[in-house]
There are 2 protein chains.
Amino acid sequence: MSKYSEIYDYIKNEIITNQISYGGKLPSVRKASELFSVSRTTIQNAYFALAEDGYIISEPQSGYYVSYRSPKKQNETPRKEKNRIIYNFSGTAADRESFDFDIWRRHMKAALRQNERLLSYSEPQGEEELRNAVSEYILEKRNVAASADRIVIGAGVQSLLHVLCALIDKGQTVSFPDRSFVQGTALFEDHGFEVHYRYKDADIIYVSPSHMTRWGDVMPNRRRIELTRYSAQCGSLVIEDDYESDFQYNSMPTPSLYALSGGSNVVYIGSFSRLLLPSIRISFMILTSELAEKYRQNIYKFSQTASKTEQIALSSFIRDGRLMAQIRKTRRFYTAKTKLFYNILKKTFPGCKIEISENLLQVILQTPFHGEISDFGKSGIKLYVEKYENGVITLVLSPGGIEQNKLESAANALKKSIEN
Amino acid sequence: MSKYSEIYDYIKNEIITNQISYGGKLPSVRKASELFSVSRTTIQNAYFALAEDGYIISEPQSGYYVSYRSPKKQNETPRKEKNRIIYNFSGTAADRESFDFDIWRRHMKAALRQNERLLSYSEPQGEEELRNAVSEYILEKRNVAASADRIVIGAGVQSLLHVLCALIDKGQTVSFPDRSFVQGTALFEDHGFEVHYRYKDADIIYVSPSHMTRWGDVMPNRRRIELTRYSAQCGSLVIEDDYESDFQYNSMPTPSLYALSGGSNVVYIGSFSRLLLPSIRISFMILTSELAEKYRQNIYKFSQTASKTEQIALSSFIRDGRLMAQIRKTRRFYTAKTKLFYNILKKTFPGCKIEISENLLQVILQTPFHGEISDFGKSGIKLYVEKYENGVITLVLSPGGIEQNKLESAANALKKSIEN
């Protein structure tokens, strides 16, 4: 073994065994060459190699320092004992009764029989058949007029935002009303945009008018018109994520920003996961004609993310009128459930402030509480905490994912978890 | 017809035909009730319905305004007359005989019966069951040892690269061996990386060792070892896109860079689309332990793109040994076809230079040509042109997507298109 690698191994061992710990300074090259009785070049080479392998770093005009930390055991992260979720109030689950699996299976089976089509990749923009179906559906549903040419299909909102980010200039400012849509804000930051948390006043304005906050607030018409005018004046691009617009019925139905603006500077995003099955990852984005042109010029850069089989199935599902039927059914179903849960909570938490959200999907509960927020998870309850201060906690509860006949025991479990 | 719907239709028609244009104010309820000689309630109901359908909006304390704009004609871009593809030599299609649809359908149907699982979103990282199956498969297949914790599932390589880009520092240099993988290079540029076209010498080195060029060149072992050493020395991160490694059999099976390096600075990416069905968009990425740790810390930023149903189906497909069987079958099938096509071309283009690519998936044909490259498309032929100069064209032809009994007519169509 060469002198150099002897020294390399010696120091490496000192570091790994924590004899010289993280941040500790190594002897200077001169000093080390005396200590080990070798040439300075040998020391220098050993230090270089150690730096290269990540054990030490060189700080100019100062010396060499240990940069290695013994990996904490949790590299194979001790799989956190996952709390089994018994009652999911977070709004991410769906109720099995709200969806007719048999019909969906029938459409999927028909799609799976189309051997020839399944032998090729999906069009990058999405199956034309589906884009045509979406074009008709969204005109009927939200008065959004857009031909299939301007519609892009993708697996979830994130996939579509990646496409959008590739079409617009980097470095622009993007506004989000708050920090709740982490997957969106992180994505824009990651693509080199400057993200601000405010209502508007940015080059790109991201809004979910039908779901402004976790409380399910709906943007009033007045503000919709104001935003449309504002963005037209400033030349801002509005991204309208029409999340949960399908569930709106408490207040008057509100027009989409897209329809209000005539589609001239609004990109509209809609999704089917929430309406059908969370496991069906199909969303769509309607581009302005300018962005659609840019998309066509850059189409070679993109590939489709949504399952082709599911796209084919969804096309016939929409064509057969199943989607509109599902919307009506889900609406009735969830409204009834929210009201029922509201009444149950009224009885379970007498004297507490209890409200139904504007979109009728959530119940907001304010109650005294003196425990830890993590206690809920430990009791198998998943929920959103809106606020917790001065011994009072505000919870946002979506009963949608809990079966109707379990709502009462869910409320009791919640009470128990709060009182403990 | 009721009074109410008469009024609804009348106003709707006025709006659609632009008699009252966008932003125009409607008569007040009182005034309209006089004009139409009906009760105020009837007018109110008609206005509610018009608002619900997106034609007008209500501005509190002010009145009703038209919110509908007639969609502009030029939204429907004149569809470019697409050339119908008759013979696809581009390698993007698969042969129907290479895949047993019945088996896949069986697994999909079983997955579709799992109602309870389909009611929730897929794990952001991918279904654990699938990650476990991939972990075992890839160890057996490519000697790549990685626990399910380090595997991320996504809909296609692009989706996975978006995840990876979010985990590594921006502004670094990325090298690609050439410009052929546009979807990859565009993505990195879009995320703020500096892309270079060279073999290595970059912070991040992207390689497809089993498919180095369109010619299907395979990276020799000597270069693999060299690259592994080089990247370890420089601290570069290698992204090993193991595209088409499954089809390799001409040369000796080559070790993965991941296995050679012990996985310390290699991210491995594999895909099932090519092996099973192009329409099945499931790929996987194996992160280094450092990046896996970072992924876990940032997991809230990501959502899953691959279809949950297809993930469940693929898990059982792999567990039942169907994937390995499919690999063997596809290999035999495509080798035989390439050889057959080679012999057909030898006869159809006597005297021309004809070669089989190293990965045995393509035939390279060099022949005199005096037309336009676009002529191929017009004749319904899709292919790659490698070079065209001085009256000689070099074509890369993948016979994989063409049925065996059509190879001869495909070769004749090609000859005709070249001679015209």
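How many salt bridges does the rule find across the interface of chain A and chain B? In this predicted model, the interface of the two chains holds two salt bridges by the rule applied. In one salt bridge, the side chain of Asp190(A) meets that of Lys170(B), with an N to O distance of 3.0 Å. Polar contacts between chain A and chain B amount to 24 residue pairs, both residues of each pair being at pLDDT 80 or more.

Several helices of chain A contribute to the side that touches chain B. At least two residues each are supplied by a set of helices that includes H4 (101–112), H5 (115–118), H7 (156–167) and H8 (182–190) of chain A. Helix H9 (221–234), helix H10 (257–261), helix H11 (289–297) and helix H12 (308–319) of chain A also belong to this set. The largest share, six residues, comes from H4(A). By residue class, the side of chain A that touches chain B divides into 26 nonpolar, 25 polar and 20 charged residues. In total, chain A brings 71 residues to the contact and chain B brings 72 residues. The area buried between chain A and chain B is about 6400 Å², and carbon and sulfur atoms give 51% of this area.

The nonpolar interior was examined next. In soluble globular proteins, nonpolar side chains tend to be buried together. The largest nonpolar core of the model has 94 residues, of which Trp104(A), Phe272(A), Trp104(B) and Phe272(B) touch the most other members. Beyond residues up to four places away in sequence, Trp104(A) touches Phe99(A), Leu277(A), Ile280(A), Glu310(A), Ala313(A), Leu314(A) and Phe317(A), together with Leu112(B) from the other chain.

Over all chains, the count of salt bridges comes to 24. One of these salt bridges joins Arg117(A) to Glu129(A), with the closest N and O atoms 2.8 Å apart. Because Arg117(A) lies in helix H5 and Glu129(A) in helix H6 (residues 128–142) of chain A, the pair ties together parts that are 12 residues apart in sequence. Both partners are partly exposed, Arg117(A) having a relative accessibility of 25% and Glu129(A) one of 24%.

In chain B, the side chains of Arg319(B) and Glu129(B) form a salt bridge with an N to O distance of 2.8 Å. This pair links distant parts of the chain, 190 residues apart, with Arg319(B) in helix H12 (residues 308–319) and Glu129(B) in helix H6 (residues 128–142) of chain B. Arg319(B) is exposed at a relative accessible area of 54%, whereas Glu129(B) is partly exposed at 24%. In chain A, salt bridges with shared partners join Arg117(A), Glu127(A), Glu129(A) and Arg319(A) into one network.

A salt bridge within a single helix is formed by Arg30(B) and Glu34(B), whose closest N and O atoms are 3.2 Å apart. Both residues lie in helix H2 (residues 29–36) of chain B, four residues apart, or about one turn of the helix. An α-helix has 3.6 residues a turn, so residues three or four places apart point the same way. Arg30(B) is partly exposed, with a relative accessible area of 43%, while Glu34(B) is exposed at 53%.

Two further sites concern buried residues. Thr288(B) occupies the loop between strand S10 (283–286) and helix H11 (289–297) of chain B. With a relative accessible area of 6%, Thr288(B) is buried, because it falls under the 20% limit. Apart from neighbours within four places in sequence, Thr288(B) is in contact with Arg150(B), Leu237(B), Gly263(B), Ser264(B), Asn265(B), Val266(B) and Val267(B). In the adjoining helix H11(B), the buried residues are Leu291(B), Ala292(B), Glu293(B) and Tyr295(B). These buried residues pack against strand S4 (151–154), helix H7 (156–167), strand S8 (237–241) and strand S9 (266–271) of chain B.

The second site is Lys337(A), which lies in helix H13 (residues 322–348) of chain A. Lys337(A) counts as buried, its relative accessibility being 0%. Its contacts outside four places in sequence are Asp95(A), Pro399(A), Gly400(A), Ile402(A), Glu403(A), Gln404(A) and Leu407(A). One of these residues, Ile402(A), is 65 residues from Lys337(A) in sequence, with 9.3 Å between the two C-alpha atoms.

Definitions and conventions
Residues numbered from 1 in each chain as written. Chains lettered and ligands numbered in written order. Predicted model: local features only at pLDDT ≥ 70, side-chain atom pairs only at ≥ 80, totals over all residues. Heavy atoms only, no water. Contact = heavy atoms within 4.5 Å. Buried area = accessible area lost by both parts, 1.4 Å probe. Salt bridge = Lys/Arg side-chain N within 4 Å of Asp/Glu carboxyl O. Polar contact = N/O pair within 3.5 Å; in protein donor to acceptor, adjacent residues only side chain to side chain. Nonpolar A, V, L, I, M, F, W, Y, C, P; charged D, E, K, R; others polar. Core = buried A, V, L, I, M, F, W, Y, C linked by side-chain atoms within 4.5 Å. Buried < 20%, exposed > 50% of the residue type's maximum accessible area, 1.4 Å probe, protein only.
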